[in-house]
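Okay, thanks for coming, everyone. Have a look at the structure on the screen, and I'll walk you through a few spots in it.

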Amino acid sequence: MKIGIDKIGFYTPHLYVDMNELAVARDVEPEKFTIGIGQDEMAIAPITQDPVTLAANAALNILDEEDVSKIDFVMFGTETGIDHSKSAGVYVHHLLGLNPSARTIELKQACYGATAAIQLAKGHIALNPESKVLVLASDIARYGLQTPGEVTQGAGAVALIISADPKIMVLENEQAYVTKDIMDFWRPTYSDIAFVDGKFSNDQYLAFFNTVWAQYKEKANKNIEDFAAICYHLPYTKMGLKALRTILEEGEERTQERLQENFQLSTKYSRKVGNIYTASLYLGLLSLLEMNENLQAGERIGLFSYGSGAVGEFFSGVLQPNYRDYLIVEKHQELFANRKRVTVAEYEEIFTESLPTDGSTVEFETVNDPAAICLTGITEHMRQYLNKSEHSE
Ligand code: COA
């Protein structure tokens, strides 16, 4: 049975800061951010967007009535959990009006959570070929103002429908994965910003990639020539490039050029959004599919997922006939075109705004947030959400 990605949608908040401006404000050469790190713009989440709304907005763009009735498993990968107990997916299930006969859970393993969800979804579809699974990857990356990691923040979500006979990409069954207990990046439950040993995390990312790549080649009996492109988890785009460079020489010159060109295309969206943790790999895949009009059905794409702490996985997918017809390129271009640039001072103000933690009631004005689904406030420790598209009908 063929199982894989049937639809893919993306959402990022309407605000961003320019990396050149941030560099000037931080007294750093702009090229360090735009070339050394490889980021041009960084998405900022207003107080009216949280991981739930980002995910719901990403999914809203792709769901039709058939999806709504057939989805019987919702998996929400995130490392920006809003509750120790209740899954963020349950809120999204409600906001999207999904079929009540469904399972809904949240998965956590740093930036790897959504990959785990996709692999579990494959098992579910294998047993229930008529079902569809909604996989949500949604995060707001926060390292703190004036920290080395500040330039690698971001906000956004990717929603994927996993089904039998998928229209976009069949996921192949060979996978290689590895787990090792390391402290390269973590966020204790009492902290809203991450702790990170940046250089160590870079080294571990590369070590994990090389381990799973070697394992994958042996298990799958494939080599670099078998790939049209390889997409990477992109905490910042230079990180993926570093990983690609470690294996390029395994390929012929033509292959090296192809992989490098496709890598650049896979980073286009990420350069404008920043790190979105669980969704970063899938934003890279989306960027590649939407930016490269020449990829052919039958071509294979490699995917490297890395979640600090740490778990790494390499797997692959094969493009399906007419896959481009099922992408929503224009919607995503519109999303980027309608964003608003904020100054560094405005970004800092938005960044430091926080939700009450003492049970007090707060209400937010959502007229300035163009998103269909917004956080409207908190009442008695309960987040309140609004789906404007329902109310306008
Ligand atoms: N022009 C071009 N490149 C420049 C430059 C300039 N003027 N100034 C510096 N650079 C380059 C550096 O040479 C370096 O490139 P390299 O990594 O290829 O050697 C890059 O910019 C970053 O500079 P560096 O001094 O290493 O940055 P930093 O100490 O400020 O921290 C991170 C970088 C990634 C460690 C930091 O942003 C971080 O901790 N991020 C969060 C953790 C993370 O994302 N980990 C990834 C794995 S999950």
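Let's start with a quick one: does tyrosine 277 count as buried or exposed? Keep in mind that this is a predicted model. Right, so tyrosine 277 has a relative accessibility of 3%, and the cut-off for buried is under 20%, so it counts as buried. You'll find tyrosine 277 in the loop between α10, residues 268-273, and α11. And here's the odd bit about tyrosine 277: its phi is positive, about 40 degrees, although it isn't a glycine.

Why mention that? Because most residues other than glycine have a negative phi, and most peptide bonds are trans.

There's another positive phi to look at. Glutamine 146 isn't a glycine either, and its phi is about 60 degrees. This glutamine 146 sits in the loop between β6, which is 132-141, and β7, which is 154-164. With 61% relative accessibility, glutamine 146 counts as exposed.

While we're on backbone oddities, go to glycine 309. The peptide bond from glycine 309 to alanine 310 is cis, with omega near 5 degrees. Alanine 310 is in the loop between β13, residues 300-307, and β14, residues 311-319.

Okay, β6 next. How many of the residues of β6 are buried? It's 10 of 10, so β6 is mostly covered. And that goes for both faces: on one side you have Lys132, Leu134, Leu136, Ser138 and Ile140, on the other Val133, Val135, Ala137, Asp139 and Ala141, and they're all buried.

So what does β6 pair with? Strand β4, residues 71-77, runs parallel to β6, and six bridges join the two. With β7 the pairing is antiparallel, over 10 bridges. You can see both pairings at lysine 132: isoleucine 71 stands opposite lysine 132, and in β7 the bridge partner of lysine 132 is serine 163.

Now the three-stranded sheets. One is open, antiparallel, and ordered β16-β17-β18. Its edge strands are β16, 362-363, and β18, 382-387, each pairing on one side only. Between β16 and β17, which is residues 373-379, there are two bridges, and those strands run antiparallel. If you want one pair to click on, glutamate 363 has glycine 377 as its bridge partner in β17. Helix α3 packs on this sheet, where it touches β17 and β18, and the direction of α3 makes about 155 degrees with that of β17.

Another open sheet of three strands goes β3-β2-β15, and here the pairing is mixed. The edges are β3, at 41-44, and β15, at 340-341, and each of those pairs on one side only. Strand β2, residues 15-18, pairs with β15 in the parallel sense over two bridges. There, leucine 15 has lysine 340 as its bridge partner in β15.

On to helix packing. Two packed helices are described by the angle between their axes and the distance between the axes.

We've already met α3, residues 51-60, and that helix also packs against α5, residues 88-95, at an angle of about 45 degrees with the axes 9 Å apart. That angle makes α3 oblique to α5. The crossing of α3 and α5 is right-handed. Which residues of α3 and α5 meet? From α3 it's Val52, Ala55 and Ala56, and from α5 it's Ala88, Tyr91, Val92 and Leu95. By class, that contact of α3 with α5 has seven nonpolar residues, no polar and no charged ones.

Compare that with α9, residues 253-266, and α11, residues 280-291. The axes of α9 and α11 come within 7 Å and cross at roughly 110 degrees. So α9 is roughly perpendicular to α11. Asn262, Leu265 and Ser266 of α9 make the contact with Leu283, Gly284, Ser287, Leu288 and Met291 of α11. For α9 with α11, the classes come out as four nonpolar, four polar and no charged residues.

One last stop in α9: threonine 255 lies in that helix. Threonine 255 has a relative accessible area of 1%, so it's buried. Not counting residues up to four places away in sequence, threonine 255 touches Ile224 and Glu225.

That's my tour. Happy to go back to any of these spots on the screen.

Technical notes
Residues are numbered from 1 along each chain as its sequence is written. This is a predicted model: local features need pLDDT of at least 70, side-chain atom pairs count only at pLDDT 80 or more; totals for chains, interfaces and linings use all residues. Side-chain values use heavy atoms; hydrogens and water are left out. Axes are lines fitted to C-alpha atoms, for helices over the stretch in contact, and angles run from 0 to 180 degrees between N-to-C directions. Helices (H or I, at least four residues) and strands (E, at least two) are DSSP runs, numbered from the N terminus. Angles under 35 degrees count as roughly parallel, over 145 as roughly antiparallel, 65 to 115 as roughly perpendicular and the rest as oblique. A crossing is left-handed if the near helix is turned anticlockwise from the far one by less than a right angle, and right-handed if clockwise. Contact means heavy atoms within 4.5 Å. Ala, Val, Leu, Ile, Met, Phe, Trp, Tyr, Cys and Pro count as nonpolar, Asp, Glu, Lys and Arg as charged, and the others, Gly among them, as polar. Buried means under 20% relative accessible area, exposed over 50%, partly exposed in between (1.4 Å probe, protein chains only). Two strands pair if DSSP finds at least two bridges between them.
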